[in-house]
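Colleague: Could you take a close look at the cysteines in this one for me, and at whatever sits around them? I'd like one connected account rather than a list.

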Amino acid sequence: MRFFAIVPILLLTAALVLTFLGLFAGHRESFLQDYEVLNLNISQLGLKSVQTVSSAGTSEFGQAVNELPADVRTLVEQNANSALQALGLPQFYNAHVLTWCEGEYEPNAEAENAKKNFTHCSKEQAGYSFDPREEIQATLDDAGFSDVKVKDLGWWPQSLDDALDLVKPITRAAFILFVAECVVIFVCLFSAVVAFFASGRVSACCNIFFNLLAFLISAAISSLMTALVVVGKAAINEYGSDYGVHASGGHKFLALSWAATACLLVTALAWCIDCCIPRHKKQPVVEKYIE
């Protein structure tokens with residue numbers, strides 16, 4: 001038996017668990033919501049537009065705001081948090097690999113150390129494309145403002161849509177790679193179990209190949225998601241800050257992803273070391289016969 005194989009088996013199991021956690025984070029309101037790919041804070045969304053439209057009062061939306069009591073209208077015009085609540089819009093979105101969630105800040109978005117209260121998560125969907133503008137428009141439609149378009153209000157610039165369009169193909173590619181990584185890790189685990197009972201360099205070489213493949217896939221995922229988080233946040237904040245849209249988060253998700261990559265790298269190196277260790281063959285016993 002090759003007891004050395006226990007170490008790769010443990011590392012592969014850890015990598016598989018970390019991969020599954022990153023893949024299924026956020027699949028319900030209470031599951032690993034802090035491990036989002038991106039958090040989109042829209043608590044300040046369209047504040048200037050609300051003030052402008054309500055002052056004009058020319059559209060159905062403006063008339064509806066003007067019909068509110070004076071104190072409520074003041075809150076709508078001066079406080080973005082109240083404006084979003086009046087329209088039924090969430091204050092933030094959490095984007096994950098398979099789903100997205102929405103909710104509100106407690107006690108409010110401006111409070112220090114405000115907590116996130118998740119109110120809804122979408123159904124899990126492979127390779128989905130999260131479009132916050134469409135979700136905001138759907139909420140407005142449900143609230144009875146179907147004739148009001150987000151673009152017409154000036155709440156959502158085209159440049160912000162262009163920035164989010166860069167995110168969509170990366171999330172689709174990442175999902176495919178996540179599935180491939182899980183499959184290859186399962187193969188690595190099976191190969192490691194076989195190597196536990198078998199000896200020789202052939203089994204070690206097979207494990208080197210499969211583990212290097214798993215490491216390369218995991219490294220590609222981690223690199224893609226790092227680029228998405230860093231570049232995506234920068235682009236969204238650049239084009240969305242003037243419109244009350246702010247992106248954050250992603251650090252804990254990247255920690256999971258890179259931790260899995262590190263486990264696979266160590267496993268591949270371990271098999272390389274095992275393959276290079278010289279093996280002493282047992283000397284055949286020669287019986288001497290005395291005549």
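Modeller: Sure, starting with Cys-188. Keep in mind that this is a predicted model. Cys-188 has a relative accessibility of 0%, so it counts as buried.

Cys-206 is another matter. Its relative accessible area is 36%, which makes Cys-206 partly exposed, because the buried class stops under 20% and the exposed class begins over 50%. What about a bond for Cys-206? The closest cysteine sulfur belongs to Cys-205 and sits 7.1 Å from the sulfur of Cys-206, which is too far for a bond; a disulfide would need the two sulfur atoms within 2.5 Å.

Cys-206 does turn up in the surroundings of a serine, though. Ser-191 is in contact with Cys-206, Asn-207 and Phe-210, leaving aside the neighbours of Ser-191 within four places in sequence. Ser-191 itself belongs to helix H8, residues 158-197, and is buried, with a relative accessible area of 10%.

Now for the bonded pair. How many disulfides does a search of the whole structure find? It finds 1. The partners are Cys-101 and Cys-121, with their sulfur atoms 2.0 Å apart. The pair ties together distant parts of the chain: Cys-101 is in strand S3 and Cys-121 in strand S4, 20 residues apart. The torsion about the S-S bond of Cys-101 and Cys-121 is about 105°, so this disulfide is right-handed. Cys-101 and Cys-121 are both buried.

Those two strands belong to a sheet, so to speak of the pair is to speak of the sheet as well. It is an open sheet of 5 strands, running S4-S3-S2-S1-S5 with antiparallel pairing. Strands S4 (115-121) and S5 (246-248) are at the edges, and each has a single partner strand, so one side of each has no neighbour in the sheet. On average, neighbouring strands in this sheet are turned by 30° against each other, direction ignored. On the other side of S3 in that order comes S2. Strand S2 (residues 92-95) pairs with strand S3 (residues 100-106) over 4 bridges, in the antiparallel sense. One of the residues involved is Phe-92, whose bridge partner in S3 is Gly-103.

Leading into strand S1 there is a backbone detail that you may want to look at. Leu-32 lies in the loop between helix H1 (6-24) and strand S1 (38-41). The phi of Leu-32 is near 50°, a positive value in a residue other than glycine. Leu-32 counts as partly exposed, at 25% relative accessibility.

Back to the helices, and to what the record says about them. The unreviewed UniProt entry lists residues 173-197, 209-235 and 255-273 under "transmembrane region". In the model, residues 209-235 are 100% helix and 0% strand, with the end C-alpha atoms 38 Å apart. Residues 255-273 are likewise 100% helix and 0% strand, and there the end C-alpha atoms lie 27 Å apart.

Ser-218 is a good place to finish. It lies in helix H9 (residues 201-240) and is buried, with a relative accessible area of 1%. Not counting residues up to four places away in sequence, Ser-218 touches Glu-181, Ser-257, Ala-260, Thr-261 and Leu-264. With Thr-261 there is also a polar contact, side chain to side chain, at 2.6 Å.

Notes:
Residues are numbered from 1 along each chain as its sequence is written. This is a predicted model: local features need pLDDT of at least 70, side-chain atom pairs count only at pLDDT 80 or more; totals for chains, interfaces and linings use all residues. Side-chain values use heavy atoms; hydrogens and water are left out. Two strands pair if DSSP finds at least two bridges between them. Axes are lines fitted to C-alpha atoms, for helices over the stretch in contact, and angles run from 0 to 180 degrees between N-to-C directions. Buried means under 20% relative accessible area, exposed over 50%, partly exposed in between (1.4 Å probe, protein chains only). A polar contact is a pair of N or O atoms within 3.5 Å; within protein, one must be able to donate a hydrogen and the other to accept it, and residues adjacent in sequence count only if both atoms are side-chain atoms. Contact means heavy atoms within 4.5 Å. UniProt positions are given in the numbering used here, feature names are shortened, and annotations may be inferred rather than shown by experiment.
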